[in-house]
Amino acid sequence: MLFVLSLFQSLKDNYTNLPGIFFSMQRVVLHVDMDYFFAAIEERENPELQGKAVVVCMLSGRSGLSGAVSTCNYIARESGIKAGMPCSKAKKLNPETVFLPARKDFYTLVSDRIMEILRSYADVRDNEDAFEQISIDEAFVEITEKTGGDFNLAFNTGIRIKNEIKEKEQLTCSVGIGPNKLIAKMTSSVQKPDGITVISPDKLKSFLWPLKVSKLWGIGDVTAGKLQEMGIVTIKDLAEYNVIDLISTFGKTRGIWLKQAAAGIDDSPVKEREGSEQIGRIATLPEDTLDINLISQLLDRLTEDVISKLDSRGLSFRNVTVTVINSKFKMYTKSRTLNHPAYSKEILLEVTREILGEFLSESRTEFRRVGVRVGELQKRICQKSLLDY
Ligand code: TTP
Ligand code: CA
């Protein structure tokens, strides 16, 4: 018996990459969604905002409050303010609200750092991190291997992730853990803000089936409307509906997807979206300044950080962005796209210094923070010497 067990273990260890009929491990996928992301960053940057209703706006620039609400904190949500609403309406709902213009590039730099934290928890499959960023503040992390398919261990991982983000970024997030992306994504919104929810396979149906079909991730208003017309109200109704009838209304691919999703089945892998990733660093200067030496020193340090991150993952970049926030908290960015992918520190230093020079020649207001970000990342395919010219 012992012999059989050890033979089994040895086969399992040696063939973990086999699409396992015999050895399939329970998948565990974690989804992280930052809480009221843009507004939370603004609160963190300015402690005076604590306890107040805060709205971040995409201002149209035409007049005072002529834009739309990008997001708002939970205090503002209590007055009925929500994303997409005209800022003027938000003001009527709560006249005490603080309105701030969105600083997307700054939020992106914060997002880059959070994504790096999340990535460090992901399984590694065929030399690739099983990690997928799906928006500025949301990502999937596959932790099947790291947890051995154990949902209790996955819960501990979720707590560690929350703590690390809180400690390093002073921001909260909500975590959902499930047997696939679909369930993980739907689970992260169960307890928000600052929540964590685990739906293991044995709880899947009791979680999913009572929900309205419109809650199924991937179903929009149009599909929900059609399903309603067919008498399908809950996800259970959908799971029990005849698949042939679903196919005749929605087509083959969509019909089968609906049937499977309603049963909580989703085999899509957690996989990096090509070209979507960026790596960035931002830091505050020791004092507000226009002194090129002081600023260059910090920028060089940030550049080195970015390069070491690229090195550790064997990536090259084609796009470089430098961000400056001045002492009046105004933010400016400039980007360059190179003709070829590069990964040498010298090239990145040269480009960032050139951009910094342009900023300094245009500005009379002292700088408070500077940041550097690289994008259009790809795996290095050439020898270093070929890319370094
Ligand atoms: P969300 O994750 O949808 O919202 P949120 O993080 O602000 O709040 P929640 O706690 O409910 O997750 O979006 C992430 C960020 O994307 C958000 O902070 C601002 C931006 N955003 C817009 O600019 N416009 C929009 O319409 C939405 C929905 C989000
Ligand atoms: Ca969010």
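The following paragraphs lead through a predicted model, from its two ligands to selected helices, strands and loops.

The account begins with ligand 1. Fourteen residues surround this molecule, and among them Tyr 36, Ser 70, Thr 71, Tyr 74 and Arg 77 come nearest. Several polar contacts can be described individually. A backbone N or O atom of Tyr 36 lies 2.7 Å from an oxygen atom of ligand 1. Side chains take part as well: an N or O atom in the side chain of Arg 77 is 2.8 Å from an oxygen atom of the ligand, and for the side chain of Asp 137 the corresponding distance is 2.9 Å. Taken alone, ligand 1 exposes 550 Å², and the protein buries 68% of that area. Two or more residues of the shell are supplied by each of strand E1 (29-34), helix H2 (37-45), strand E3 (68-72) and helix H3 (74-78). Sorted by class, the shell around ligand 1 consists of seven nonpolar, two polar and five charged residues.

One of the nearest residues, Thr 71, deserves a further look. Thr 71 belongs to strand E3. Its relative accessibility is 11%, and because buried means under 20%, Thr 71 counts as buried. The side chain of Thr 71 is also joined to that of Arg 77 by a polar contact of 3.4 Å.

The second ligand is a calcium ion. Its protein donors are Asp 33 (OD), Met 34 (O) and Asp 137 (OD), which lie 2.2 to 2.3 Å from the ion. Asp 137 has thus appeared twice, since its side chain also has an N or O atom 2.9 Å from an oxygen atom of ligand 1. Along the chain, the donors follow the spacing D-M-x102-D. Which geometry do the six donor atoms around the calcium ion form? The arrangement is octahedral, because the donor atoms subtend angles of 81 to 175 degrees at the ion. Both Asp 33 and Met 34 are buried.

Attention now turns to helices. Lys 89 lies in helix H4, which spans residues 87-93. With a relative accessible area of 45%, Lys 89 is partly exposed. Lys 89 and Ala 68 are separated by 21 residues in sequence, and their C-alpha atoms are 9.2 Å apart in space.

Helix H8 (residues 181-188) is largely enclosed by the rest of the structure, because eight of its eight residues are buried. These buried residues include Lys 181 and Lys 185 as well as Leu 182, Ile 183 and Met 186. The N-terminal end of H8 is capped by Asn 180, a side-chain oxygen of which lies 3.2 Å from the backbone nitrogen of Leu 182.

Finally, some loops contain backbone features of interest. In the loop between H8 and strand E10 (196-198) stands Pro 193. The peptide bond that joins Lys 192 and Pro 193 is cis, with omega at about -5 degrees. Gln 170 is placed in the loop between helix H7 (151-169) and strand E9 (173-178). Although Gln 170 is not a glycine, it has a positive phi of about 50 degrees. A positive phi of about 50 degrees is also found at Glu 376, another residue that is not a glycine. Glu 376 lies in the loop between strand E14 (367-375) and strand E15 (378-379). Is Glu 376 buried or partly exposed? Its relative accessible area is 36%, so Glu 376 is partly exposed.

How values were computed: Residues numbered from 1 in each chain as written. Chains lettered and ligands numbered in written order. Predicted model: local features only at pLDDT ≥ 70, side-chain atom pairs only at ≥ 80, totals over all residues. Heavy atoms only, no water. Near = heavy atom within 4 Å. Polar contact = N/O pair within 3.5 Å; in protein donor to acceptor, adjacent residues only side chain to side chain. Areas by Shrake-Rupley, 256 points an atom, 1.4 Å probe, with all protein chains shown as cover. Helix = DSSP H or I, 4+ residues; strand = E, 2+ residues; numbered from the N terminus. Nonpolar A, V, L, I, M, F, W, Y, C, P; charged D, E, K, R; others polar. Donors = N, O, S within 2.8 Å, 3.2 Å for Na, K, Ca; no water. Tetrahedral: all angles 85-135°; square planar, octahedral: opposite > 155°, others 65-115°. Buried < 20%, exposed > 50% of the residue type's maximum accessible area, 1.4 Å probe, protein only.
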